[in-house]
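Me: I am new to reading protein models. Please take a close look at the sheet in the first domain, and then show me how the rest is arranged around that part.

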Amino acid sequence: MENHKTISENIRQEINIAQNILLISHQKPDGDTLGSNLALLAYLKRLGKNVFSFCLHPLPEKFSFLPNAHLISDDHRLFTKKYDLIITVDCASLEYAGVDKLMTALPQGYKLINIDHHITNPHFGDMNLVIPEASSNAEVLYRLFRDWQIDWDSDIATGLSCGMITDTNGFTNAATSYHCFNAISEMTKQGAKPHRIVKNALTNTNIAHLRLWGRAMERLRESKHHGIVYTWFNQEDFKECQVDETATEGIINFLHILKDAKILMVLTEMKNNVIKGSLRTTLNIDLTQLAKIFGGGGHKKAAGFSLSGRLVYDNNKLKII
Ligand SMILES: [Mn+2]
């Protein structure tokens, strides 16, 4: 903890002397990386800094309720400007964030600060505040702001609450700790509206999505030997249900209602011969070990990986060809 306090103080000093700052969220953004980015943006703007926010992919519609959501940009030209400071939020690595190649275009002379909560984070920054036991990146940022004794406002409180609520799947996963509730309690006092965030960010599905989910539900299989319950989506499903791959989001968390599954796995056949795997557990199993076998990573209880190939179900067996 002492160590975190020292890093907090060092980050504060770097921010004090910086004027031009770029904030980076990870690609295929979720409520944590976006909420964290916008909370930090709100704070830094108030300090009078010149701040830019980048994410490789556009902000999903369901997060447009976040204050200053329109300021998140996917413009690659942001990487040709000169910055004093670059801060990544919720980025397990620069590759995972989708910015490793873009960053090679940046003029030298910036400091890189890495704020995150992924256990696999290799500490790629000049300064690294990585707290794997935190429920979310937003909770790490909450602790940082608390250390700095900032004046809270409802924009900051809303961004941080969005991160904590979405990364804990509405306070239902094992990362939901006393610290998380403590932070949410304070953020609610400072103007966040948890019910609005839940409504916008967690209950944002439609009939076409549920029809797609229905296909995956029907296909649920159990590998008793490994304790894995799994299902999959293929490209025909997306075509026939007239939705894209983002419609699969949320199904793996929904499957937590299964009582006896040790590990949940959803495989999604993406375009261009890529298969995306998502893994979840509520037990004391380290899924990063399993994800690593397939070149992936993530958190102990929520991990993922990518493989190349196509999914084929034949003769009662799911195969990757
Ligand atoms: Mn996160």
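Reply: Here is a walk through that sheet, its helices and then the other domain.

Keep in mind that this is a predicted model. The protein chain is divided into domain 1, residues 2-202, and domain 2, residues 207-320.

Start with the sheet you asked about. It is open and has 6 strands. Read across it and the order is β3-β2-β1-β4-β5-β6. The pairing is parallel. Which strands stand at the edges? They are β3 (72-73) and β6 (127-130). Each has a single partner strand, so one side of each is left without a neighbour in the sheet.

Now zoom in on one pair. Strand β1 covers residues 20-25, and strand β2 covers residues 50-54. The two run parallel and are joined by 5 bridges. Find Leu-22, then look across to β2: Phe-52 stands opposite. As you follow any regular strand, remember that side chains alternate between the two faces of the sheet.

Next, add the helices. Helix α2, residues 31-46, packs on this sheet. It touches β1, β2, β3 and β4 (85-89). The direction of α2 makes about 165° with that of β1. Helix α4 packs on the sheet as well. Its contacts are with β4, β5 (111-116) and β6. The direction of α4 makes about 115° with that of β5.

Helix α4 also has a helix to pack against. It spans residues 137-148, and its partner α5 spans residues 154-167. Their axes are 7 Å apart, at an angle of about 140°. An angle of this kind falls short of the over-145 cut-off for roughly antiparallel, and α4 and α5 are therefore oblique to each other. Which residues make the contact? From α4 come Asn-137, Ala-138, Glu-139, Leu-141 and Tyr-142. From α5 come Leu-160, Gly-163 and Met-164. Sorted by class, that is 5 nonpolar, 2 polar and 1 charged residues.

What does the UniProt record say about this region? An unreviewed entry lists "domain: DDH" at residues 20-163. Over that stretch the chain is 29% helix and 19% strand. Its end C-alpha atoms are 25 Å apart.

Now step across to domain 2. The centres of domain 1 and domain 2 are 28 Å apart, taken over C-alpha atoms. How many residues are in contact? On the domain 1 side there are 7, and on the domain 2 side there are 8. The touching side of domain 1 has 3 nonpolar, 4 polar and no charged residues.

Another open sheet of 6 strands has the order β7-β8-β9-β10-β12-β11. Here the pairing is mixed. The edges are β7 (221-223) and β11 (297-298). Each has a single partner strand, so one side of each is left without a neighbour in the sheet. Inside this sheet, β9 (residues 263-269) and β10 (residues 274-280) pair in the antiparallel sense over 6 bridges. Leu-264 has Arg-280 in β10 as its bridge partner.

UniProt, again from an unreviewed entry, places "domain: DHHA1" at residues 243-308. That stretch is 17% helix and 35% strand.

Finish with a hairpin. Strands β13 (residues 311-314) and β14 (residues 317-320) pair in the antiparallel sense over 4 bridges. Tyr-313 has Leu-318 in β14 as its bridge partner. The turn leaves 2 residues between the strands. One of the turn residues, Asn-315, has a positive phi of about 55°.

Technical notes. Residues numbered from 1 in each chain as written. Predicted model: local features only at pLDDT ≥ 70, side-chain atom pairs only at ≥ 80, totals over all residues. Domains from an automatic or database assignment. Contact = placed C-beta atoms within 7 Å. Nonpolar A, V, L, I, M, F, W, Y, C, P; charged D, E, K, R; others polar. Pairing = 2+ DSSP bridges. UniProt positions renumbered as here; feature names shortened; annotations may be inferred. Axes fitted to C-alpha atoms, helices over the stretch in contact; angles between N-to-C directions. Parallel < 35°, antiparallel > 145°, perpendicular 65-115°, else oblique.
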